[in-house]
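Subject: Structure for your files

Hello,

Here is the structure I said I would pass on. My notes on it follow below.

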Amino acid sequence: MHEDDKGDEQRAATGLTPSGADQEFLTLERELTVLLRRARANQGEMAREVHPDLESAAYGLLVRLDECGGQRATELAAYIGVGKATMSRQLRALEELGLIAREPDPADGRAWLVALTDEGRRRVGTVREARRGRYVSQLAHWPRPEVAELARLLHQLNGVMEK
C-alpha cells in the first residue's frame, strides 16, 4: 500500500478532512452559513412587512417584545448583543414609527420599559402568523416529531451560543 493511501484511510476512519477538520463540523458550518444567510434575507422581508421603513435588525426587537412584554433597553441590548448607543438608535426609530412606546418601570420609577404599541403588536402578530404559515407549508411533508426535534436542537444550539 502506498503511504498516501494509508493517510487517506486514517482520515476516513477518523472522519477528518485532508485539512484535519472534522467533516461533521465542516458540514455544520456550511449548513449554518446557508441558514443564517437565508434568515437575514427573510428578516429583512419580514421587517418591511411590519413597516416599509423598518430596519432589518429591528425586527428581532419587536419579536422579543411581542414574546416577553415590556423590557428595559439594557435588557434588550444584552439579548440582541448590541451596545447601548445602537439600541437607543433602534428604539428611537421604532418609537418614531409608532411601533413601540416607553413607559415608567413600576419596579423602579427612574427606569423605563419599552413595549409594543397596539399597532406594533397588531403588525408584528400579522407578520409572525404569516411566517408560521410559510413554515407549516414548507415543512408539511416532515413528520411532526422531526419538526419538534429540529426545534429542540436549535434551542439547544442557541443556548450554547448565548454563553
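A residue is called buried here when its relative accessible area is under 20%, exposed when it is over 50%, and partly exposed in between. Please keep in mind that this is a predicted model.

Overall layout

The protein has seven helices and two strands, and along the sequence they come in the order α-α-α-α-α-β-β-α-α. Of its 163 residues, 23% are buried. Among the contacts with a separation of 6 or more, 42% are between residues 24 or more positions apart. The accessible surface is about 11400 Å², and carbon and sulfur atoms account for 55% of that surface.

Helix α6

Most of my notes concern α6, which runs over residues 118-138. The helix has 21 residues and spans 30 Å from its first C-alpha to its last, close to the 30 Å expected at 1.5 Å a residue.

Which residues of α6 are buried? They are Gly120, Val124, Val127, Arg128 and Arg131. Viewed down the axis of α6, these buried residues fall within an arc of 100 degrees, so they line one face of the helix. Their cover includes α2 (23-50), α3 (58-68) and β2 (108-116). On the face turned away from the buried side, α6 carries the exposed residues Asp118, Val136 and Ser137.

Salt bridges

The structure holds 13 salt bridges. Two that involve residues of α6 are worth listing, followed by one in α7.

- Arg121 pairs with Asp118, with 3.5 Å between the closest N and O atoms. The two residues are three apart in helix α6, so about one helical turn separates them. Arg121 has a relative accessible area of 41% and is therefore partly exposed, whereas Asp118, at 65%, is exposed.
- Glu119 pairs with Arg123, and here the closest N and O atoms are 2.7 Å apart. These residues are four apart in helix α6, again about one helical turn. Glu119 is partly exposed at 32% relative accessibility, and Arg123 is partly exposed with a relative accessible area of 24%.
- Arg152 and Glu149 meet through their side chains at 2.8 Å, N to O. Both lie in helix α7 (residues 144-162), three residues apart, about one turn of the helix. Arg152 counts as partly exposed at 42% relative accessibility, and Glu149 is partly exposed with a relative accessible area of 35%.

Why do residues three or four places apart point the same way in an α-helix? An α-helix has 3.6 residues a turn, so such residues point the same way.

Returning to Arg152 and Glu149, these partners in α7 are three residues apart. Elsewhere, Arg72, Asp105, Asp108 and Arg110 are joined into one network by salt bridges that share partners.

Nonpolar surface patch

Which residues form a nonpolar patch on the surface? Leu35, Trp142, Leu150 and Leu154 do, and together they have about 310 Å² of accessible area. Trp142 is located in the loop between α6 and α7. Trp142 is partly exposed, with a relative accessible area of 31%.

Regards

Conventions:
Residues numbered from 1 in each chain as written. Predicted model: local features only at pLDDT ≥ 70, side-chain atom pairs only at ≥ 80, totals over all residues. Heavy atoms only, no water. Expected span 1.5 Å × (residues − 1). Buried < 20%, exposed > 50% of the residue type's maximum accessible area, 1.4 Å probe, protein only. Arc of directions from axis to C-beta. Contact = heavy atoms within 4.5 Å. Salt bridge = Lys/Arg side-chain N within 4 Å of Asp/Glu carboxyl O. Patch = residues over 30% accessible without salt bridge, like charges linked within 9 Å, V, L, I, M, F, W, Y side chains within 5 Å. Areas by Shrake-Rupley, 256 points an atom, 1.4 Å probe, with all protein chains shown as cover.
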